[in-house]
Amino acid sequence: MSIFLIEDEAHGESHGQFASYEEALQELKVRAGISWDAEPNKAPCTNWKNCGRRYEIVEFDNSTKPWGQLSRVSVLNISAEGVKWDL
């Protein structure tokens, strides 16, 4: 069985678990409409004004312990420079 996580590759943070890739992608579409300097897009680092988020959707096989990674797709970058889709 698979589970999908949104991860911020730049900061090593997990941003939720989803039953499908499509559900995770829908959440990123919502985040693309949120300003780069507002939660949840505001980067957690002290240099957040010059930083951003690099969101990936990661698929895991959650039937094993530990979970085995099946795929990782770079999807969305959000920063002061704007929104950039990698799809």
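Trainee: In which element does glutamate 23 lie?
Mentor: The model is a predicted one, in which local features need pLDDT of at least 70 and side-chain atom pairs count only at pLDDT 80 or more, while totals for chains, interfaces and linings use all residues. Residues are numbered from 1 along each chain as its sequence is written, and side-chain values use heavy atoms, with hydrogens and water left out. Helices (H or I, at least four residues) and strands (E, at least two) are DSSP runs, numbered from the N terminus. By that assignment, glutamate 23 belongs to helix 1.

Trainee: Does glutamate 23 count as buried, partly exposed or exposed, and why?
Mentor: Buried means under 20% relative accessible area, exposed means over 50%, and partly exposed is in between (1.4 Å probe, protein chains only). Glutamate 23 has 42% relative accessibility, so this residue counts as partly exposed.

Trainee: How many Å separate the C-alpha atoms of glutamate 23 and leucine 5?
Mentor: Along the chain, glutamate 23 and leucine 5 are 18 residues apart. In space, the separation of their C-alpha atoms is 10.0 Å.

Trainee: What pattern does the chain follow along the sequence?
Mentor: The chain has 1 helix and 5 strands. Read along the sequence, their order is β-β-α-β-β-β.

Trainee: What is the radius of gyration of the chain, and why does the value agree with a compact globule?
Mentor: The radius is taken over C-alpha atoms, and the globule rule is 2.2 Å times the number of residues to the power 0.38. The C-alpha atoms fill a box of roughly 40 × 25 × 20 Å along the principal axes. For 87 residues the rule gives a radius near 12 Å, so there is agreement with the chain's 13 Å.

Trainee: Which elements each supply at least two residues of the largest nonpolar core?
Mentor: A nonpolar core is a set of buried Ala, Val, Leu, Ile, Met, Phe, Trp, Tyr and Cys residues joined through side-chain atoms within 4.5 Å. The largest one has 11 residues: Phe4, Ile6, Phe18, Ala24, Leu25, Leu28, Tyr55, Ile57, Val75, Leu76 and Ile78. At least two residues of this core come from each of strand 1 (2-8), helix 1 (21-32), strand 3 (52-61) and strand 4 (68-79).

Trainee: What share of the residues of the chain count as buried?
Mentor: In soluble globular proteins, nonpolar side chains tend to be buried together. In this chain of 87 residues, the buried share is 32%.

Trainee: Which residues are in contact with alanine 32, leaving aside neighbours within four places in sequence?
Mentor: Contact means heavy atoms within 4.5 Å. Alanine 32 has its place in helix 1, and its C-alpha atom is 8.8 Å from that of lysine 84, 52 residues apart along the chain. Core residue Leu76 has Ala32 among its own contacts, together with others including Leu28, Tyr55 and Trp85. With neighbours within four places left aside, the contacts of alanine 32 are Leu76, Ile78, Val83 and Trp85.

Trainee: Is isoleucine 3 buried or exposed, and why?
Mentor: Isoleucine 3 has its place in strand 1. Not counting residues up to four places away in sequence, isoleucine 3 touches Gln17, Phe18, Val58, Glu59, Phe60, Asn62 and Trp67. The C-alpha atoms of isoleucine 3 and phenylalanine 60 are separated by 5.4 Å, with their places 57 residues apart along the chain. The relative accessibility of isoleucine 3 is 11%, so the residue counts as buried.

Trainee: Where is alanine 19, and does this residue count as buried or exposed?
Mentor: Alanine 19 lies in the loop between strand 2 (13-18) and helix 1. Its contacts, leaving aside neighbours within four places in sequence, are Ser2 and Phe4. At 56% relative accessibility, alanine 19 counts as exposed.

Trainee: Which residue follows glutamate 39 through a cis peptide bond?
Mentor: The bond from glutamate 39 has omega near 5°. Its partner is found in the loop between helix 1 and strand 3. That residue is proline 40.

Trainee: What is omega for the cis peptide bond that joins lysine 65 and proline 66?
Mentor: Proline 66 has its place in the loop between strand 3 and strand 4. For the cis bond joining lysine 65 to proline 66, omega is about -10°.
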